[in-house]
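Please load the model in your viewer and keep the sequence panel open beside it. The stops below proceed from selection to selection.

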Amino acid sequence: MLEQGAPAADHPAWETLIDVDALAREEGVNWVYAGTVVRRPADDRALIRLSRGGADAVEVREFDLAARRFVPASEGGFHLPEAKCSVSWVDEDTLLLAAPVLPDGSDATSSGYARVARLWRRGTDPASAPVIFEGYDDDVAVGAARDRDTGRYVASRSPDFHTSQEWFWRPGGHPETEQPVLVPVPEDCRVGSTGPWLMLRPRTELRIDGVDYPGGSVLVVPWAALDADPSRLPAPTVLFTPTPSTTVEDVSWGRGRVLLTILDDTESRLEAFAIPDAPTPAPASPPEWQRLPVEGLPEHVSIDVLSLDRHAGLADLAGDASAQPHPDDAVLAVSGPIVPPSLVLLRADGSTVTLGSTPDRFDTSGVEVSRHTAVSDDGTEVPYTVMRGRGPAGPRPTILYGYGGFMVSMRPSYAALRGALWLEEGGVYVVAGIRGGGEYGPAWHQAAIREKRPRAYEDFAAVARALVETGVTTRDQLGATGGSNGGLLMGVMLTRYPELFGALAIAVPLLDMKRYHLLLAGASWMAEYGDPDTADWDDFLGAYSPYQHIRPASEVRYPPILMTTSTRDDRVHPGHARKMTAALEEAGHEVEYYENVEGGHAGAADNSQEARKAVLTYEFFRRRLASSSSK
């Protein structure tokens, strides 16, 4: 915690609330900090989320912020054993809990997440807490929340990874005594709420009152309109309409302004709007939302809004005694490929001040960053960013990274280990923004889901070819890497495009698409990939599933492979990596394997494990990729 009034220009005075490493030593468990839920506006208690070895499942403990200690269960403190859960405050003695807590697992979905939401009161067993909302076994998950300003309860159920139903109780309604009402929007429209306003973010075209709004728009309507007539939406205010190069990645609400984090050709910028008072009842025409200034932020960076507190001011963190704290002050994280991360205070008036930044972790002098496009098989232009370490002109050892799934965007960002272990040595690192990601909004993602999945693989292969054709590297000097869904991408590169690469590093991968839905959280991804128990297997999944397409070394030459995973990965089962490695070895291919006993889906639970994993990967490429062209 940063002490109030601490100067930003020198070394801020931080006060340690919890030393997670010390807690791990004391309890003999490698705890990984997984987040905090503070009770607002009192700011006196917090729910601390602790992950054992980096797993997705967490243990939740109540912490007294004033006394600087955990509140033991013997004193009535909230404590939840390890579970994949969400939890939030209702009042000082009540929580909203979405977690599988029954011994028979009947309150869990087939994906292992919560099927029910409960009101959990202090001093009671969570398993006996009253259920206020529930979904179905084959849903991904359910959740619930309460707006502090209005007291309104909301709940949601997600039939699959990309859809949800949003439900609400009218102001004053209590979920134990009244039934919720469904928000009248399609299931692929994301819904958010703050105070008297409802925000809509449709993934596909949405029609309201005879007007069509494109997927990727950001729309707002007053809650009062739905309270009056839950069957229809009023004409919305449009805060953002997408263009071919722009999309909204995130929305953050304050008391008097809302911030939109916009990606413009994968680079971040912010737009701000003043939040008007919501009319009651709703008017015939939507109220105006005034655009506010945002000044002094750099270009060609990634920007994340870390905090936009609706209840407390942050301006005093800048060390300016004359600055009055304002609830619309925001703290931003700003970084770029060669710009180390910094914390920036965005004041309510739109001005900015840097609170502090990390030192340069590698020598950035001479590192060149440039953006390019490759042309995929169907003519689509695919963006990629090249980071080139200093050195002579001509082809160099190059690592190509990609993901291409779940609408996750590849943005320009700082990576100290990448810089110190690869760029400083004169290597080239390339990040591809292939379809399936979110770089250009919902349509970019939807272009590579289910039967369209091969478009992502064609995009990545197109970037690999472009790097050779433009002289950045050669085939023998080109490596590629990816993890999770990116590990599936690497598996397809291995089995479908082996001639393009000199080496491949595959991390925490998804590889057996015949059985992925039967392992851990796999069932939750069927909207992304398809259902292998249906015709989807014969129609498209079976055509690219890497595990089923391994060929013997007598028939094809695969590049050398590094396979890494984690025993504690409770999202993508380590069995994917284990059996793929065994099958590759049996087929006569060169594969090296490393399994960290901790790390969860990240593959590493702490900095030392992350450093070890990075050294293994970069040293693998350093030894396997030719230092000069052999062709």
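**First stop: two open sheets**

Select β24, β25, β26 and β27: in that order, these four strands form an open sheet with antiparallel pairing. Helices (H or I, at least four residues) and strands (E, at least two) are DSSP runs, numbered from the N terminus, and two strands pair if DSSP finds at least two bridges between them. At the edges lie β24 (302-308) and β27 (352-357), each of which pairs on one side only. From one strand to the next, the twist averages 30 degrees; axes are lines fitted to C-alpha atoms, for helices over the stretch in contact, and angles run from 0 to 180 degrees between N-to-C directions.

The model is predicted: local features need pLDDT of at least 70, side-chain atom pairs count only at pLDDT 80 or more, and totals for chains, interfaces and linings use all residues. Residues are numbered from 1 along each chain as its sequence is written, and side-chain values use heavy atoms, with hydrogens and water left out.

Next, display β24 together with β25 (residues 330-336); the two run antiparallel and are joined by six bridges. Selecting L308 leads to its bridge partner in β25, A330.

Move to the second sheet, also open and antiparallel, in which four strands follow the order β14-β15-β18-β19. Its edge strands, each pairing on one side only, are β14 (189-194) and β19 (237-240). Neighbouring strands here are turned by 25 degrees against each other on average, direction ignored. Three bridges connect β18 (residues 218-222) with the antiparallel β19, and L219 has V238 as its bridge partner in β19.

**Second stop: a buried glycine in a loop**

Select G426, in the loop between α3 (416-423) and β31 (428-432). G426 has a relative accessible area of 10% and is therefore buried (buried means under 20% relative accessible area, exposed over 50%, partly exposed in between, with a 1.4 Å probe and protein chains only). Apart from neighbours within four places in sequence, G426 is in contact with G389, R390 and R396, where contact means heavy atoms within 4.5 Å. A distance label from the C-alpha atom of G426 to that of V367, 59 residues apart along the chain, should read 8.6 Å.

**Third stop: the helices**

Show α5 (residues 454-469) and α6, whose axes come within 10 Å and cross at roughly 70 degrees. The two helices are therefore roughly perpendicular, the class for angles of 65 to 115 degrees (under 35 counts as roughly parallel, over 145 as roughly antiparallel, and the rest as oblique). On the α5 side, select P454, A456, Y457, F460 and A461; they meet L488, L489, M490, V492, M493 and R496 of α6.

Which elements do the buried residues of α8 pack against? They pack against α5, α6 and α7 (526-529); the residues concerned are D536, W537, F540, L541, G542 and Y544. D536, in α8 (residues 536-544), counts as buried because its relative accessibility is 10%. Not counting residues up to four places away in sequence, D536 touches R450, G530, D531 and L541.

Finish at α9 (residues 575-586), whose twelve residues should span 16 Å at 1.5 Å a residue, in agreement with the 16 Å between its end C-alpha atoms; the expected span is 1.5 Å times one less than the number of residues. Buried in α9 are G575, H576, A577, M580, T581, A583 and L584. Their cover includes α6 (485-496), β34 (561-566) and β35 (591-596). After α9 comes G588, with a positive phi near 90 degrees.
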